[in-house]
Every structure is written in C-alpha cells, then in structure tokens.
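The exercises below concern charged side chains and the parts of a chain that they bring together. Work through each task with the sequence and the model in view before reading its solution.

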Amino acid sequence: MFNGGMATTSTEIELPDVEPAAFLALLKFLYSDEVQIGPETVMTTLYTAKKYAVPALEAHCVEFLKKNLRADNAFMLLTQARLFDEPQLASLCLENIDKNTADAITAEGFTDIDLGEGLPCACALLGLRQGVPRGGAKGLLTLRRGPNAPVRPLPAGPAQSGILMDREVVSLFLHFTVNPKPRVDFIDRPRCCLRGKECSINRFQQVESRWGYSGTSDRVRFSVNKRIFVVGFGLYGSIHGPTDYQVNIQIIHTDSNTVLGQNDTGFSCDGSASTFRVMFKEPVEVLPSVNYTACATLKGPDSHYGTKGLRKVTHESPTTGAKTCFTFCYAAGNNNGTSVEDGQIPEVIFYT
C-alpha cells in the first residue's frame with residue numbers, strides 16, 4: 001500500500017471491508033503486543049489478522065474462540081472455522097456438537113446456517129472430512145447410522161418416504177433380520193451422544209476473595225448415588241478483572257489413583273465472582289458409591305474462592321423429580337488448601 005511502484009499517493013486510505021474496532025485491535029497488537037479482543041470483535045479481528053498476515057494475532061483469536069466454545073454457538077463457530085480454514089477449531093466444534101447434539105440443534109445459530117454452509121458442515125458432522133459426497137444432499141444419507149435405527153419404524157417411515165432407493169431398503173431389512181448380517185452402505189457404529197439436559201451443582205454457599213496458585217492442584221473427593229457422566233467443572237476466576245487462566249482438570253479414581261479423564265486447556269474470566277466453565281475432552285463415567293477426586297491445577301493470578309461448603313448437595317430434575325446426590329470429602333495430601341468447607345472447584349457439570 002505505501003511502498004514500491006504501486007504505492008498510493010492519497011493522504012487518506014479507505015478500508016471498506018475492515019471494521020474500525022478490528023483494525024484498532026490489529027494496530028495495538030502490532031505496536032504494543034496488546035491483545036484486545038472480545039465476543040463482539042473476535043471474528044472481525046480474525047478476518048483482519050488473516051487479511052494482513054499477522055499469524056500471532058490469528059492464534060490469539062482462535063484460542064479465544066476455543067475457550068468460549070459452547071453447545072449453543074458450536075454450529076456458528078463451525079461455519080466460521082471452515083470459512084477461515086481453521087481445521088483444529090472445526091474439529092473441536094464437531095466434537096462439541098456430537099456430545100451435545102440436542103442443545104446444539106435447538107440453539108439459534110443452527111437455523112442461521114444457509115444451505116451453502118450447511119451441506120459441508122453436515123458432511124463433516126456425519127463423518128465425512130472431504131466435502132459433500134456425490135449426489136449432494138442425498139449423498140448424506142450414506143453417512144447416517146441406518147443400522148442403529150429401530151426396525152419397526154422402517155416400514156412405515158423411511159421405506160415409504162422415497163428417500164431410500166429400493167436396494168437400500170432391502171439391505172436394511174436383511175441387516176435387521178438375518179445372520180450373518182450383510183454389508184450395508186451406512187455407518188453401523190452408534191453415535192456418541194449424551195441424552196437429556198445438562199445439570200450442575202454448586203457446593204458453596206458464599207464467595208470470598210483471595211485464593212492463590214503456585215503449581216499445586218486444588219483437589220476434593222466426591223461420590224454420587226447414581227451413575228452420571230461428568231463433562232466439566234465450574235471454576236472461580238480472577239479478582240483483578242478480565243484475565244486468562246491456564247488449567248489442567250482431572251477426575252481420578254481415588255482408590256487406584258487412575259486418571260479417568262483430563263484436559264489441558266484454559267478459560268477467560270471477566271473479574272466477577274461467577275464460575276467459569278472448563279470442560280473435559282470426553283464425558284467421564286462416574287459410578288455410584290465409588291470415591292473419585294476432582295482435581296484442578298490453575299496457572300494465573302489470585303482468584304475468588306468458595307466458603308460455607310456443603311458436604312452433601314442434591315440435584316433434583318425439574319421434569320422427573322429424580323435426585324442425584326453428591327457427597328464431598330477432604331482429599332488428603334497436597335490440595336492447595338481446598339477442602340469441603342473452602343476453596344476451588346465449586347461446580348460439577350454432568351449428565352444423568
């Protein structure tokens with residue numbers, strides 16, 4: 001723009017495709033290494049960073065999106081990840097959608113996807129990574145898990161819908177009724193999907209300031225009265241305003257000291273006394289009447305912490321009335337001071 005034979009001679013340069021806030025964020029980063037992005041500006045800043053080839057700022061934007069990925073924005077971020085050619089972010093979006101399908105498809109962002117974006121996203125979600133299958137939208141049917149459907153609805157529904165070809169109807173009937181089962185052109189692996197609504201419990205009745213970190217893990221033992229799947233923790237954030245934390249979370253089988261699930265990740269907080277979600281890569285199965293240890297190792301400034309902790313916390317389903325009872329106990333050894341009464345790891349996020 002400013003150098004060489006094609007340099008502009010104008011005293012004022014117009015950038016019609018760049019948002020002012022995004023361009024200001026770019027300039028601040030270039031001159032001071034200051035990262036100034038938020039939920040409203042991250043996508044336009046990512047576009048600007050890519051346009052002007054500033055990969056370090058690109059990385060900050062993508063990391064911000066990863067930390068703020070949720071079921072209700074996963075489809076929107078998936079389309080943006082494909083648009084900006086960010087395969088790692090796209091993969092995380094697909095994992096989130098696969099685990100939280102019900103919440104993802106009822107979110108506002110799902111209905112905002114247009115056909116051009118929707119077909120590639122649907123292909124990726126159903127297991128294809130190389131574009132739309134031959135036959136366009138109809139080709140997506142080969143990616144559906146036909147063999148996992150119950151046999152009874154097949155004659156009354158898909159078999160008469162005209163969607164399936166005659167040979168596909170016959171192959172599915174044979175798959176359900178004969179042994180050995182013939183090969184079918186559908187995926188026969190069950191889908192990994194948590195059913196029902198996400199639940200959470202908070203074990204503290206009050207929040208205070210200040211809780212420090214020096215590399216020691218915050219830990220607390222717990223058990224439940226029924227089988228659940230833990231998908232994450234709610235953690236307290238900084239008392240000093242908006243901050244990013246690095247964190248490793250784990251669930252450990254206490255008696256065998258076996259790590260059942262973990263994630264090295266991070267989260268952004270806004271300086272409030274709220275809790276901030278940190279999720280596992282995969283749901284962790286927790287069995288009734290078994291001791292487990294919840295563990296979080298944070299790297300960052302002093303945070304809020306919980307007090308007046310409850311030894312027993314019960315979650316009651318608003319629809320069925322079913323009760324999930326948590327019992328918390330002191331985790332012996334190095335635990336950074338966290339106990340039943342005070343400390344970190346206030347929330348457990350789970351499905352029943």
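**Exercise 1.** Classify Arg227 as buried, partly exposed or exposed, and then describe its charged partner.

*Solution.* Arg227 has a relative accessible area of 46% and is therefore partly exposed, where buried means under 20% relative accessible area, exposed over 50%, and partly exposed in between (1.4 Å probe, protein chains only). Next, look at its side chain, which meets that of Glu285 in a salt bridge with an N to O distance of 2.7 Å; a salt bridge is a side-chain nitrogen of Lys or Arg within 4 Å of a carboxyl oxygen of Asp or Glu. Because Glu285 lies in strand 7 and Arg227 in the loop between strand 3 (218-224) and strand 4 (228-236), the pair ties together parts that are 58 residues apart in sequence. Helices (H or I, at least four residues) and strands (E, at least two) are DSSP runs, numbered from the N terminus. Finally, Glu285 is also assigned an accessibility class: with a relative accessible area of 35%, Glu285 is partly exposed.

The model is predicted, so local features need pLDDT of at least 70 and side-chain atom pairs count only at pLDDT 80 or more, while totals for chains, interfaces and linings use all residues. Residues are numbered from 1 along each chain as its sequence is written, and side-chain values use heavy atoms, with hydrogens and water left out.

**Exercise 2.** Find the salt-bridge partner of Glu198 and state which parts of the chain the pair links.

*Solution.* The partner is Arg277, with 2.6 Å from N to O. The pair links distant parts of the chain, since Glu198 sits in the loop between helix 11 (166-177) and strand 1 (199-202), whereas Arg277 belongs to strand 7 (residues 275-286), 79 residues apart. As for accessibility, Glu198 counts as partly exposed at 29%, and Arg277 counts as partly exposed at 38%.

**Exercise 3.** Describe the contact between Asp17 and Lys51.

*Solution.* Asp17 and Lys51 form a salt bridge in which the closest N and O atoms are 3.1 Å apart. This pair, too, links distant parts of the chain: Asp17 is in the segment before helix 1 (20-32) and Lys51 is in helix 2 (residues 42-51), 34 residues apart. Asp17 is partly exposed at 36% relative accessibility, and Lys51 is partly exposed at 39%.

**Exercise 4.** How many salt bridges does the structure hold, and which residues are linked with Lys50 in a network?

*Solution.* The structure holds eight salt bridges. Lys50 is linked with Glu58 and Glu86 in a network of salt bridges.
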